[in-house]
Amino acid sequence: MPPFVKTKTFIISAVIAVLVGLYALAGFMLAPKLLRNALMQDVPKAVNAKPSVGEIRVNPFLFQIEIKDLSLTDPRGEKLLGFGRFFIDFELSSIWHRAYSFVNIDIDAPFVNAVIAEDGRLNLAQLSPEPAAGPPPPTAKKEPLAAPPLPAVRIHSFKVSQGLVTFTDRAHPSDFATRLEPINFELKEFTTGVDGGLFTLTGASKLGERVEWHGHVSVQPIESDGEFQINGLQAHTLWEYLEDRLAFQVNSGKIDLNATYKFSYKDQVELQADVAKISLTDLVVRPKGSEQDWVTVPELLVSGTKVDLAKRAAHTDSLIISGVKLMAWMEPDGSFNLLKLAATPTPESAPTTVAPAAPASAADAGPAWSFDLQEFALRDASIAAEDRSTKPVAKVMLAPLSLKVEGASLDLAKPVSLAFETKINDSGAVSVTGQVTPRPVSANVALKLSGIELATLQPYVAQYTSMTLQGGALSADGTVRYGAAKPALQFAGNLSVAKLHTTDNALHQDFINWERLDVQGLKYQHDPDRLDIDQVLAIKAYARVIIEPDTSINVKRVLAGPGATVIAAPAPGEAPVAATAPPAQAAPASV
């Protein structure tokens, strides 16, 4: 045996070499097996899922652990969650930093498969820890203790790359499925102290929908602030999930959102959100089973929304809707088509009973929410309206239509400013400005009508008279007051009708015409009723008044309406003669 073998240096070196070898053997060979056994044996005991794991590597010298292809499956073999690679790079500096320090924590290709079964159960609920067997032992009531401080943790970089979330809802009459990928998340320079760390989360769908969330987060105390963005969210995606509860169909539309927030949780949840923009573009709505679009919204923009959860207060600077097109009509039974879009389909299933909710105390409910909308504007809208209860159908086109409301809020006793303008059938115009109070309903507005084509009213005239309204233009300006105090309704202003032309349906001749009729200084009130007129001026007025052979007057016959019976005055010694007005001949109306 060489002499150097017996030296202390050799012996110490040999011992160190053996220890290092044993450490390396334990780290490279034994640790992966122990880790695998722990995963395969302990996970099924904790949750109702079966684990599967691929290669496991441990580098005891670099303090690194790598696990590949781990997944958890339910008893039926359906995967619940997992990842392609999990990598931890632990830092030896944890010893003097007195904190668990990590250089990198990387999770590659994680996936979550969330499924709601037909009975409404979520498959991921199987990952909840199994409850302890038997009833818990009785314990004396103690005062709640403060939560222990979290262990100190320092993470230089935590990354999630190319994640996938799939969601399937089988509880719907028609299965709904969607997926979000790739999902990427990064947390930098994080500590469990007040400093926290910066994070970024992004996600996308195959339809180009994108979510981005970045900001700051800390866990002691629990606080976060940052910015949240949604770009290109398809309105059809939301409709697909809710379609069984809706009576309408949405085939297009995109939603964008940009918001900042501050969140904290101490004694209560505190959240302040500042939603700079919510925009909806190219929305088209139609009833199910129809080929006709009833509502088209090219652009809807909500700006300057602030929400304070603790104060239960919200405010919005403006809600602007541009270019809306509506197809509206009243059915012969008096119902409106657009109200059908708000109907809730009744599922063809057994009726369900809803348990009554426990009444909430005033203390639990907290203060009522307050909300105010500084400005609501409807711009360049158009409404194609029909009244199908008349024959022929009464039609009117309101375009371009604009509406502006200022000062709206949940306080319905507070008046709002109103400005409304529209053209009717590309000729006449209506303007209304003033103040309206929702509850109790009251109004004080200025009304202006200009060149309203009266021939549009012919379908209504034909129901009550035997004449045809060939033409005429109505104009007016004045003020209208309405409220609970008497008189309930008041109008003060001027009226005029230009170029009135009517014909007698029986004789097919002019009935009442004039070039212009002005009613000035008109004052009308209802309840109690009263009418005052300063002056009536008629220019080139004409009326065909005929005493019929039966001594009846044509005016009475025309105004009696179609099918009405007119009793003629009897000649001396003769019985009264009943004459029937001929049915009205409706003139074609161009709307």
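**Exercise 1.** Leaving aside neighbours within four places in sequence, which residues is Ser-205 in contact with (heavy atoms within 4.5 Å)?

*Solution.* A quick note on the ground rules. This is a predicted model, where local features need pLDDT of at least 70 and side-chain atom pairs count only at pLDDT 80 or more, while totals for chains, interfaces and linings use all residues. Numbering starts from 1 along each chain as its sequence is written, and side-chain values use heavy atoms, with hydrogens and water left out.

Step 1: find Ser-205 in the loop between strand E9 (197-204) and strand E10 (210-219); strands are DSSP runs of E, at least two residues, numbered from the N terminus.
Step 2: drop the neighbours within four places, and you get Arg-179, Leu-180 and Glu-181.

**Exercise 2.** Why does Ser-205 count as buried?

*Solution.* Buried means under 20% relative accessible area (1.4 Å probe, protein chains only). Ser-205 comes in at 12% relative accessibility, so it counts as buried.

**Exercise 3.** Work out where helix H3 (residues 235-242) packs.

*Solution.* Helices are DSSP runs of H or I, at least four residues.
Step 1: pick out the buried residues of H3, namely Ala-235, Thr-237 and Trp-239.
Step 2: see what the buried residues of H3 pack against: strands E8 (176-191), E11 (222-234), E12 (248-265) and E13 (269-287).

Conventions: Buried means under 20% relative accessible area, exposed over 50%, partly exposed in between (1.4 Å probe, protein chains only). Contact means heavy atoms within 4.5 Å.
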